[in-house]
Amino acid sequence: MTQLTARHPTRPRTPVWSNPLPAVKDALASAGLHRPRALRGERIEHPVDAPVLRTERLVLRPHRFTDADAADWLDLQSEPAVREFLPWPERDARRSARHLRDRTRHTRLWQADDFLALAVELDGHVIGDVSLHLRSVAASTRTVEMGWVVHPSLGGRGYATEAAAALLEFAVTTVGAQRVTAVTDARNTRSVALAKRLGLVAQTARAAGDPAVAPGETLLAVSAAPAAAPSAARA
Ligand SMILES: CC(C)(COP(=O)(O)OP(=O)(O)OC[C@H]1O[C@@H](n2cnc3c(N)ncnc32)[C@H](O)[C@@H]1OP(=O)(O)O)[C@@H](O)C(=O)NCCC(=O)NCCS
């Protein structure tokens, strides 16, 4: 999902010239730079810290700055297919390691703009990343935007669906999201298909808390009725 986002790190690449502000914000957010907390308004009742979620085949857990994870992360983000719709530049090993280190700090949702990223682990290796971006804090309209990426060599096996479904359930049950969104480049058919498999529906108009959508992007969303959150077991 589009991050399906960097404004957040899993968001599809938006041409900078079409709307420079989101791209700049994304780059800053990706680097861990947000508006100061004092200017970001209300907080959710309790901070939500990055969980460890276990699904049938995967473990979703906070990123770790280890040699093994750095090697997996470099492998993942070196794939042109991964970067095609993400605002990720090509990074050498040093920059990739710094990017991973930045991701280890994205572990708490509390205030608007907070970003939480989890490594997707299969058999001890990091094969991807799923994320939540807190877009709207108010309990009645709480909105999170999801992002996802899985190594292309492991595509088409349901890993992305399984990981995203688990995180969607967490967003609804633990974060208290009333609305879950994904923003993706309209040409990113696999990402759109994944969003739809999760129950998200393409939107024609934005609701309160929805993220901005640049030309060429599609906004998908689901309201958080309990039945709308597929369980990881059913992914
Ligand atoms: C977007 C992305 C995560 C989608 O990955 P994916 O491989 O299509 O998703 P899945 O791994 O869940 O695979 C789904 C497919 O696996 C199949 N599948 C096989 N076993 C399955 C299982 N056990 N459970 C569910 N689906 C399964 C599904 O039927 C589906 O097949 P289809 O593509 O023929 O419809 C991936 O393309 C990606 O990482 N892209 C680069 C990053 C990116 O663009 N992110 C989004 C930014 S906006």
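Here are five short exercises on this predicted model, each with a worked solution.

**Exercise 1. Confidence**

Task: Find the mean pLDDT of the protein chain, and say where the pLDDT is below 50.

Solution: Start with the whole chain: its mean pLDDT is 86, and 80% of its residues reach 70 or more. Next, look at the beginning, where residues 1-19 have a pLDDT below 50. This stretch still has 97 contacts in the model beyond near neighbours in sequence. Then turn to residues 231-235, where the pLDDT is also below 50 and the corresponding number of contacts is 15. Where pLDDT is low, the predicted coordinates should not be read in detail.

**Exercise 2. The sheet**

Task: Work out the order of the strands in the open sheet, and explain why S2 and S9 have one side without a neighbour.

Solution: Walk across the sheet and you meet 8 strands in the order S2-S3-S5-S6-S7-S8-S10-S9, with mixed pairing. Strand S2 (53-54) and strand S9 (201-202) stand at the edges with a single partner strand each, so one side of each has no neighbour in the sheet. Now try one pair from the list: S5 and S6 are antiparallel and joined by 8 bridges. Within this pair, Ala 117 stands opposite Ser 131 of S6.

**Exercise 3. Strand S8**

Task: Decide which strands pair with S8 and in which sense, and whether its two faces are covered or open.

Solution: Begin with S7, which runs parallel to S8 and is joined to it by 3 bridges. Here Val 144 has Val 180 of S8 as its bridge partner. Helix H5 belongs to this part of the picture too: S7, H5 and S8 make a right-handed β-α-β unit. Then take S10, which pairs with S8 in the antiparallel sense over 7 bridges. In that pairing, Thr 181 is opposite Ala 221 of S10.

Now for the faces. In a regular strand the side chains alternate between the two faces of the sheet. On one side of S8 are Arg 179, Thr 181, Val 183 and Asp 185, on the other Val 180, Ala 182 and Thr 184, and all are buried. Since 7 of the 7 residues of S8 are buried, the strand is largely enclosed by the rest of the structure.

**Exercise 4. The two sides of H2**

Task: Which residues of H2 are buried, and what covers them?

Solution: First list the buried residues of H2: Ala 70, Asp 72, Trp 73, Leu 76 and Gln 77. These cover an arc of only 165° around the axis, so they lie on the same side of H2. The face turned away from that side carries the exposed residues Asp 67 and Ala 68. Finally, see what lies over the buried residues: the cover includes helix H3 (80-83), helix H4 (93-104) and S6.

**Exercise 5. The core and helix H5**

Task: Find which element gives the largest share of the largest nonpolar core, then say why Thr 174 counts as partly exposed.

Solution: The largest nonpolar core has 55 residues, and Val 120, Ala 163, Ala 164, Leu 167 and Val 180 are those with the most contacts inside it. Among the elements giving two or more residues are helix H2 (67-77), strand S5 (115-122) and helix H5 (159-175). The largest share, 11 residues, comes from H5. Take Val 120 as an example: leaving aside neighbours within four places in sequence, its contacts include Leu 58, Val 150 and Ala 163.

Thr 174 is also found in H5. Thr 174 has 14 C-beta neighbours inside 10 Å, so it counts as partly exposed.

Conventions. Residues are numbered from 1 along each chain as its sequence is written. A nonpolar core is a set of buried Ala, Val, Leu, Ile, Met, Phe, Trp, Tyr and Cys residues joined through C-beta atoms within 7 Å. A residue is buried if 20 or more other C-beta atoms lie within 10 Å of its own, exposed if 12 or fewer, and partly exposed in between; C-beta atoms are placed from the backbone. Helices (H or I, at least four residues) and strands (E, at least two) are DSSP runs, numbered from the N terminus. Two residues are in contact if their C-beta atoms, placed from the backbone, lie within 7 Å. Two strands pair if DSSP finds at least two bridges between them. A crossover is right-handed if, with the strands pointing away from the viewer, the path from the first strand over the helix to the second runs clockwise. The arc is that of the directions from the helix axis to the C-beta atoms. pLDDT is the predictor's confidence in each residue, from 0 to 100.
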